[in-house]
Amino acid sequence: MKSYREELWFQTPSRRDYVNITRKVEECLKKSGIREGLCLVNAMHITASVYINDAESGLIHDYDQWLEKLAPHEPTSQYRHNRTGEDNGDAHLKRQIMGREVVVAVTSGELDFGPWEQIFYGEFDGRRQKRVLVKIIGE
Ligand code: ZN
């Protein structure tokens, strides 16, 4: 069995952002040389997510509004976590609901997506360097 590991780095200019990383994961798969197997993609930080959904700008806006309704950033004093001196209590909750990782089947050297599936990095406490792990195993 072959395995391949790569870290992708991100620094988003805003606190929250949604970055389509499908092409970057496909580049990892090409470098791996793996034709049949599994591809794991996970956020390495507890205030960011990796998820799969449609690359449609209206939907991305809807996600952001929905998450901000569920866990508004302000007032930061509403989160007990922020008593530690941080201001990212909301970002931990947003990460939880959008998920930590995705696993995509690798078939004939391609990511075996359903219709419209794209991989996104969801950032909820950005403006600093953060990482995503790509691990691919197979033959
Ligand atoms: Zn925190």
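Trainee: When I read the packing of a helix such as H3, which elements do its buried residues pack against?

Mentor: The way to read packing is to follow the covered side of a helix to its partners, and in this predicted model the buried residues of H3 pack against strand E3 (37-43), strand E4 (48-53) and helix H2 (57-70).

Trainee: How many residues of H3 are buried, and which are they?

Mentor: Helix H3 spans residues 89-98 and is mostly covered, with seven of its ten residues buried; these are Gly89, Asp90, Ala91 and His92, followed by Lys94, Arg95 and Met98. Just after the helix, Gly99 takes a positive phi of about 95 degrees.

Trainee: Which residues supply the protein donors of the zinc ion, and with which atoms?

Mentor: The donors are NE2 of His81, OE of Glu86, OD1 of Asn88 and NE2 of His92, and they lie 2.1 to 2.7 Å from the zinc ion. His92 thus appears both among these donors and among the buried residues of H3. Along the sequence, the donor residues follow the spacing H-x4-E-x1-N-x3-H.

Trainee: Is the site of the zinc ion regular or irregular, and what angles occur among its donor atoms?

Mentor: As a point of reference, the ideal angle for four tetrahedral donors is 109.5 degrees. Here the angles among the four donor atoms run from 79 to 149 degrees, and the site is irregular; it does not count as tetrahedral because that would require all angles to lie between 85 and 135 degrees. Since water is not among the atoms, a metal site may look incomplete.

Trainee: Are the donors His81 and Asn88 buried or partly exposed?

Mentor: Burial is judged on relative accessible area, with the limit for buried set at under 20%. Asn88 counts as buried because its relative accessibility is 3%, whereas His81, with a relative accessible area of 30%, is partly exposed.

Trainee: Stepping back to the whole chain, in what order do the helices and strands run?

Mentor: The protein chain has three helices and eight strands, and from the N terminus on they run β-β-α-β-β-α-α-β-β-β-β. Among contacts between residues at least 6 apart in sequence, 82% join residues at least 24 apart.

Trainee: What are the overall span and the share of buried residues in the protein chain?

Mentor: The C-alpha trace spans about 50 × 30 × 20 Å along its principal axes, and buried residues make up 43% of the 139 residues. The accessible surface comes to about 7600 Å², of which 50% belongs to carbon and sulfur atoms.

Terms used:
Residues are numbered from 1 along each chain as its sequence is written. This is a predicted model: local features need pLDDT of at least 70, side-chain atom pairs count only at pLDDT 80 or more; totals for chains, interfaces and linings use all residues. Side-chain values use heavy atoms; hydrogens and water are left out. Buried means under 20% relative accessible area, exposed over 50%, partly exposed in between (1.4 Å probe, protein chains only). Helices (H or I, at least four residues) and strands (E, at least two) are DSSP runs, numbered from the N terminus. Contact means heavy atoms within 4.5 Å. Donors are N, O and S atoms within 2.8 Å of the metal (3.2 Å for Na, K and Ca); water is not among the atoms, so sites may look incomplete. Four donors count as tetrahedral if all angles lie between 85 and 135 degrees; four count as square planar and six as octahedral if opposite donors are over 155 degrees apart and all others between 65 and 115; anything else is irregular. Accessible areas come from the Shrake-Rupley method with a 1.4 Å probe; for residues, only the protein chains shown count as cover.
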